[in-house]
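Me: I'd like to learn how to read salt bridges in a protein model. Could you walk me through one?

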Amino acid sequence: MSKRYREYFHVILLGTIILISVIGMVRFKRLEELSGLPIHDYYFYVFQLIFLLTIGYIVIRWFFNLWKQYQTLKNDKNKAELMLLKSKVDPHFFFNTLNNLYGLAIEKSEKAPDVILKLSEIMRYTIYQGAEDVVSIQQEVTYLEQYIEIHLLRYKKEVAISFKKDIDDYHLKIAPLLLIMLLENAIKHGVESMITNAYVKINLSVKSSTLSFEIENNFKSNTKNENKEGIGLKNLKKRLQLLYHKKHQLTLSRDHDVFKANLEIKL
C-alpha cells in the first residue's frame, strides 16, 4: 500500500471512529432518557471516552506532523521560515469547532456528521497539501469553501458569507494556505466581533495568470486595537515577500467599521 493510500485509509478510519462514537453517544443518551437505566448512561460515557481519545490522538498527530516538517526543513533557512509562517488551521478555530461538535452530539443534532466530515477534510489538507510547495487553484478554492461551510454550520447567529469566483484556469499553481490567512482574519476580527449583521464578501479572479483576491468584512470598532496589525497579516506579508517577491501587491484599508483586503499575485 502506497503512502498516499495509507494516509487516506488513516483519515477514513479516524473519521469512521469519530462518527461511530458520536452515533453511540446520541443513541445511548436517548435510551438513557427513555429507560432511566444506568447501563445506558454507562455506555454513553464509553462512547464519549472513545470520542475524546480519538480527537486527542488527531490533535497530537497534527502537531507531531508540524513538528516533523519543521525538523526536516530547519537546515534550509528560507524553507524553515516559510513553514513557520504558514497559517495551517487557526488553533482558535480548531478547538472552538471541537467544542461545537461536542455540543451538537449532546443535542443529537443532524449537523454533527457534516461537521466531522468537513473538519477531517480541512485537517487532511493542512497536514498534507499544506506541506507542498504549490497546489492548484482548484484545491485552494475547495479548501476555502470547506472552511466557510464549517463556520456556517457551527454559528448560531446569522452570518452572510458570499464567495464569487471568475477563474480561467483552475489548474494554475499557487503556494498553499495564502488566501486562507485573509479569510481567517475576516472571520476572527470581523464575524467573531459582531453579534448581528456580520458579513464577509469574497471575490476571487484568475485572469491571464494573475490572481486577484478581494475580501471585505464588517467589524465592531475598537479604538484601542483598531490600528494594530495581527500576527496573521504580518506572517502573510513575510510569506509573500519570500514566495512572490516583486510579483504581488497587498492593499489593506479600513473605513469606519468595514475592512477591505486586496491581494494580487502574478502566478
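Me: Let's start with one side chain: is Lys118 buried or exposed?

Reply: Keep in mind that this is a predicted model. To sort a residue, look at its relative accessible area: under 20% counts as buried. Lys118 comes out at 17%, so Lys118 is buried.

Me: Okay, and what does Lys118 pair with in a salt bridge?

Reply: Here's the general idea first. Side chains of opposite charge can pair when their charged atoms come close. In this model, Lys118 meets Glu149 in a salt bridge, with 3.6 Å from N to O. The cut-off is 4 Å, so that pair counts. The two partners sit in distant parts of the chain, 31 residues apart: Lys118 is in helix H5 (residues 112-127) and Glu149 is in helix H6 (residues 137-154).

Me: And how exposed is Glu149?

Reply: Glu149 has a relative accessible area of 35%, which makes it partly exposed. Its partner Lys118, as we saw, is buried.

Me: How many salt bridges are there by this rule?

Reply: The count is 6. Some of them share a residue, so it pays to look for networks: Asp166, Asp168 and Lys207 are linked in one by salt bridges.

Me: Which distances go with that network?

Reply: Take the pairs in turn. Asp166 and Lys207 meet at 3.0 Å, N to O. This pair joins strand S2 (residues 159-167), home of Asp166, to strand S4 (residues 198-207), home of Lys207, and the two are 41 residues apart. For Asp168 and Lys207, the closest N and O atoms are 3.1 Å apart. Asp168 lies in the loop between S2 and strand S3 (173-174), so its bridge to Lys207 in strand S4 ties together parts 39 residues apart in sequence.

Me: Are these three residues buried or exposed?

Reply: Use the relative accessible area again. Asp166 is partly exposed at 41%, and Lys207 is partly exposed at 32%. Asp168 has 54%, which puts it in the exposed group.

Me: What about the nonpolar side: which residues touch the most other members of the largest nonpolar core?

Reply: That core has 72 residues, and those with the most contacts to other members are Val22, Leu183, Val200, Ile202, Phe213 and Ile215. Leaving out residues up to four places away in sequence, Val22 touches Phe51, Ala105, Ala112 and Ile116.

Key:
Residues are numbered from 1 along each chain as its sequence is written. This is a predicted model: local features need pLDDT of at least 70, side-chain atom pairs count only at pLDDT 80 or more; totals for chains, interfaces and linings use all residues. Side-chain values use heavy atoms; hydrogens and water are left out. A salt bridge is a side-chain nitrogen of Lys or Arg within 4 Å of a carboxyl oxygen of Asp or Glu. Helices (H or I, at least four residues) and strands (E, at least two) are DSSP runs, numbered from the N terminus. Buried means under 20% relative accessible area, exposed over 50%, partly exposed in between (1.4 Å probe, protein chains only). A nonpolar core is a set of buried Ala, Val, Leu, Ile, Met, Phe, Trp, Tyr and Cys residues joined through side-chain atoms within 4.5 Å. Contact means heavy atoms within 4.5 Å.
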